[in-house]
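Visitor: I have a structure open here and would like to walk through it with you. Could you start with how the helices pack, and then let me jump around?

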Amino acid sequence: MEELKGKRIGFAMCGSFCTFSRCFDALGVLLDLGCDIIPIMSYNAYDTDTRFGNAAEHRKRLEEMCGREIIHTIPDAEPIGPKNMTDIMLVANCTGNTLAKLAASITDTPVTMAVKSHLRGGKPVLLNIATNDALAGAAKNIFALINYKNYYFVPIKQDDHITKPFSLTGDFDKIPESLVRALSGTQIQPLLG
């Protein structure tokens, strides 16, 4: 996708640890397409060791892939907008917690600050949902953000309708096309898969 070559993408990772491997795969695709990636992590993504991996190893991998340090504090995320650092902000694994904060304009993590700072320039934000309560408590926040200006979504699907009937995740394979569409001011369709 030639349209993404040279685009400055804020690549934000939240605490949906089970999706980290897919985030890294998607990041590799974006780098192969020639994107300039600015890595951002929430406090939980940056500091928490889980059964899905060690935080220090995740940080090392992200920094090595992007060739720059991770933005992981609110003060470091604040200049993103004023310094015009990004063309688009991708929340690569947007948790229900982050969805709720964005819908309520709460800015208390590096990711929410990065989004808020980026939005001040009227630029697009692409959300790739990863939450077990998307069809329950988080539904209202998803639908609120769908109606907000400059918010776009990677196509959403149920990831395991049998054992997790309320869970939705974005289609990681559709991230590049979703970025192209969001950069042109349109929502990729169909939104629900």
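**Helix packing, cores and cysteines**

Guide: In this predicted model, Thr98, Lys101 and Leu102 of helix H5 are in contact with Val111, Thr112 and Val115 of helix H6.

Visitor: At what angle do the axes of H5 and H6 cross?

Guide: The axis of H5, which covers residues 96–103, and the axis of H6, which covers residues 110–119, come within 10 Å and cross at roughly 40°. An angle of that kind falls outside the ranges for roughly parallel, perpendicular or antiparallel, and H5 and H6 are therefore oblique to each other. The crossing of H5 past H6 is right-handed.

Visitor: Switching to the interior, how many residues does the largest nonpolar core have?

Guide: The largest nonpolar core has 30 residues, and those with the most contacts inside it are Phe11, Leu30, Leu90 and Leu179. Two or more residues each come from strands S1 (8–13), S2 (36–41) and S3 (88–94), and likewise from helices H1 (20–32), H2 (43–47), H3 (55–66) and H8 (175–183).

Visitor: And which element gives the most?

Guide: That is H1, which gives 6 residues to this core.

Visitor: What does Leu179 touch?

Guide: Leaving aside residues up to four places away in sequence, Leu179 touches Leu4, Ile9, Leu30, Ile88, Leu90 and Leu126. Apart from the largest core lies another one, of 29 residues, which includes Ile80, Leu127, Ala138 and Leu145.

Visitor: Now the cysteines, since I'd want to know before handling a sample: how many disulfides are there?

Guide: A search of the whole structure finds 0 disulfides. For Cys14, the nearest cysteine sulfur is that of Cys94, at 5.5 Å, whereas a disulfide would need the two sulfur atoms within 2.5 Å. Cys23 is in no disulfide either, and its nearest cysteine sulfur, that of Cys14, is 8.7 Å away.

Visitor: Is Cys23 buried or exposed?

Guide: Cys23 has a relative accessible area of 0%, so Cys23 is buried. Cys14, at 1% relative accessibility, also counts as buried, because the cut-off for buried is under 20%.

Visitor: One last topic, Tyr43: where does it lie?

Guide: Tyr43 lies in helix H2, and because its relative accessibility is 36%, Tyr43 counts as partly exposed. Not counting residues up to four places away in sequence, Tyr43 touches His72, Thr73, Ile74, Asp108, Thr109 and Pro110.

Visitor: And how far apart in space are Tyr43 and Gly137?

Guide: From C-alpha to C-alpha, Tyr43 and Gly137 are 22 Å apart, with a separation of 94 residues in sequence.

Key. Residues are numbered from 1 along each chain as its sequence is written. This is a predicted model: local features need pLDDT of at least 70, side-chain atom pairs count only at pLDDT 80 or more; totals for chains, interfaces and linings use all residues. Side-chain values use heavy atoms; hydrogens and water are left out. A nonpolar core is a set of buried Ala, Val, Leu, Ile, Met, Phe, Trp, Tyr and Cys residues joined through side-chain atoms within 4.5 Å. Buried means under 20% relative accessible area, exposed over 50%, partly exposed in between (1.4 Å probe, protein chains only). Helices (H or I, at least four residues) and strands (E, at least two) are DSSP runs, numbered from the N terminus. Contact means heavy atoms within 4.5 Å. Axes are lines fitted to C-alpha atoms, for helices over the stretch in contact, and angles run from 0 to 180 degrees between N-to-C directions. Angles under 35 degrees count as roughly parallel, over 145 as roughly antiparallel, 65 to 115 as roughly perpendicular and the rest as oblique. A crossing is left-handed if the near helix is turned anticlockwise from the far one by less than a right angle, and right-handed if clockwise.
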